[in-house]
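Q: Could we read through a structure together, taking one feature at a time and asking how each is recognised?

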Amino acid sequence: MKAYFFILAALLFCLANIQAQQKKKLYAERSKFMMSLEGGGLIPVHGFSIQDPFFKNSVNISDAGGFVIGRIAYFFSKKWGAEFEFLPWIAKSSDAGKAQQYLINQFTSKYYVTAPWPQNNIDAGVVSFMIGPTYKITTGRFMIMPKLLFGINSYDGMMNNYTLHLKEKQGNEIIDMTYNWNQDASTEIGWVFSPACTFSYRVTKILAVNMSVNYLYSPSVRLVYTTTEQNYKSQRQTTQEYIFETTFQSVAVGAGFSLLLK
Amino acid sequence: MKLTRILCWLLLPMIAGTIEACCHCPEGLKYQFAIDKIKLEVLDNGGQVPVITGADSICKKCYGLRVELETIKVGQQKVHKPLFLESAYANRCCTSGFTGDSRDTIQTVQVFTAIDFDSTHKAGSDVTSYFFIDGTKPLPANGVFNQPIYTFTEEPMPIDYNFILMHESEYSQCQFRVVVTVASGKQFEKTSVVTHLI
């Protein structure tokens with residue numbers, strides 16, 4: 001008899017647990033809004049070495065960067081939804097010192113070179129705004145959301161007013177070499193295409209932890225740079241323009257949390 | 001009670017003086033400066049920065065002149081005194097700043113070559129336009145400088161300029177005479193030593 005009651009209690013407990021799981025699953029499927037915030041890093045894949053025109057590919061500079069993703073998804077059915085993603089990121093040249101040395105080395109035989117630390121001058125800021133369809137696969141507490149996003153990239157602040165001060169050795173000539181990104185002539189707004197996937201685990205009914213992978217691809221980015229040579233001895237200023245056409249490919253890997261709301 | 005009232009009345013000018021000192025902050029005491037002397041030295045600009053040299057010879061492309069104008073204090077603003085009590089200044093809340101002011105203004109700076117410089121500039125010719133201040137800004141060809149003299153400390157500070165020669169002499173030695181004229185019409189002049197150019 002005791003054993004019978006024990007088995008019955010165990011069965012009821014399991015049934016209740018299954019019902020609770022189903023309710024939770026239903027909630028996960030029923031929730032229409034999913035708001036996420038993530039932070040992470042950007043792994044460059046191709047062609048966004050922003051200083052290429054100056055370094056002629058002789059310096060290996062990768063533009064690994066940091067980003068924050070803000071994401072809002074709206075599910076108009078149990079599985080399908082639309083997602084808006086806001087992804088601002090900063091590309092920090094991982095080898096700014098080496099890049100600086102490359103520029104300096106071009107002049108050291110003839111000039112004394114005074115150079116500011118280049119880190120702040122060669123950082124790039126890019127903001128991506130993307131929208132696209134997403135599909136939700138729910139298994140227990142896990143959710144997998146593959147998506148296909150399209151949108152625009154806004155580029156800003158690459159190689160801004162980086163000046164080398166050159167003083168002639170055994171001579172009186174002074175030159176200021178300024179490296180600039182010509183914002184007006186460059187792509188300020190460009191297309192971006194991003195297949196992505198978010199993996200979520202619901203910790204509570206409404207809170208989930210996420211990990212996401214975005215592959216970012218910009219088909220055509222035109223970057224125009226200028227070097228301005230101000231020669232004080234001749235009182236002449238010469239400007240040279242460098243046009244750099246590239247594609248931008250990068251993988252953004254991030255982690256954060258989501259709120260699931262009805 | 002009466003004693004407190006008397007004390008209050010006695011302290012009233014002190015309080016008034018403090019308030020007045022606090023509410024009336026002078027901009028800072030002013031000192032006036034004027035040029036007293038001119039000093040001229042030869043610069044060797046072969047290194048990263050120009051240095052004063054006493055050497056007989058320097059590189060032909062590295063020549064420069066250091067013009068140092070020594071100043072003297074010629075006037076001082078009268079110190080503001082509080083209306084009620086001298087001691088109110090002990091409690092004043094204003095900072096005691098001071099500003100330099102110039103009685104003199106450098107009107108013109110001219111550089112003349114004391115010996116033949118090139119085929120077009122024989123001894124005594126004006127070569128002002130051949131010199132650049134700090135090697136970047138040309139000296140005005142007509143010599144008009146129009147630069148007030150300021151020293152930003154209470155004590156007179158020398159005013160100095162590095163005049164870097166941007167043209168090479170055709171000869172193996174050079175010597176220059178610098179003439180500074182101030183607003184009052186007074187002229188200060190000095191001639192550099194003869195330097196061999198290699």
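Q: How many salt bridges does a search of the whole structure find over all chains?
A: This is a predicted model, in which local features need pLDDT of at least 70 and side-chain atom pairs count only at pLDDT 80 or more, while totals for chains, interfaces and linings use all residues. Residues are numbered from 1 along each chain as its sequence is written, chains are lettered from A and ligands numbered from 1 in the order in which they are written, and side-chain values use heavy atoms, with hydrogens and water left out. Side chains of opposite charge can pair when their charged atoms come close. With a salt bridge taken as a side-chain nitrogen of Lys or Arg within 4 Å of a carboxyl oxygen of Asp or Glu, the search finds 8 over all chains.

Q: Which residue forms a salt bridge with Glu38(A), and where do the two partners lie?
A: The partner is Arg71(A), with the closest N and O atoms 3.0 Å apart. Strands are DSSP runs of E of at least two residues, and helices runs of H or I of at least four, both numbered from the N terminus. Arg71(A) lies in strand 2 (residues 65-75) of chain A and Glu38(A) in strand 1 (residues 33-46), so the pair ties together parts that are 33 residues apart in sequence.

Q: Is Glu38(A) buried or exposed?
A: Buried means under 20% relative accessible area, exposed over 50%, and partly exposed in between, with a 1.4 Å probe and protein chains only. Glu38(A) is buried at 3% relative accessibility, and Arg71(A) is buried with a relative accessible area of 3%.

Q: Which side chain meets that of Arg71(A) in a salt bridge of 2.9 Å, N to O?
A: That side chain belongs to Glu83(A), which lies in strand 3 (residues 80-91) of chain A, 12 residues from Arg71(A). Glu83(A) also meets Lys147(A) in a salt bridge, at 3.0 Å from N to O; this pair links strand 3 with strand 7 (residues 142-156) of chain A, 64 residues apart. Both Glu83(A) and Lys147(A) are buried.

Q: Which residues are joined into one network by salt bridges that share partners?
A: The network consists of Glu38(A), Arg71(A), Glu83(A), Glu85(A) and Lys147(A).

Q: Turning to the backbone, where does Gln170(A) lie?
A: Gln170(A), a residue other than glycine with a positive phi near 55°, lies in the loop between strand 8 (162-168) and strand 9 (174-181) of chain A. Gln170(A) counts as partly exposed, at 47% relative accessibility.
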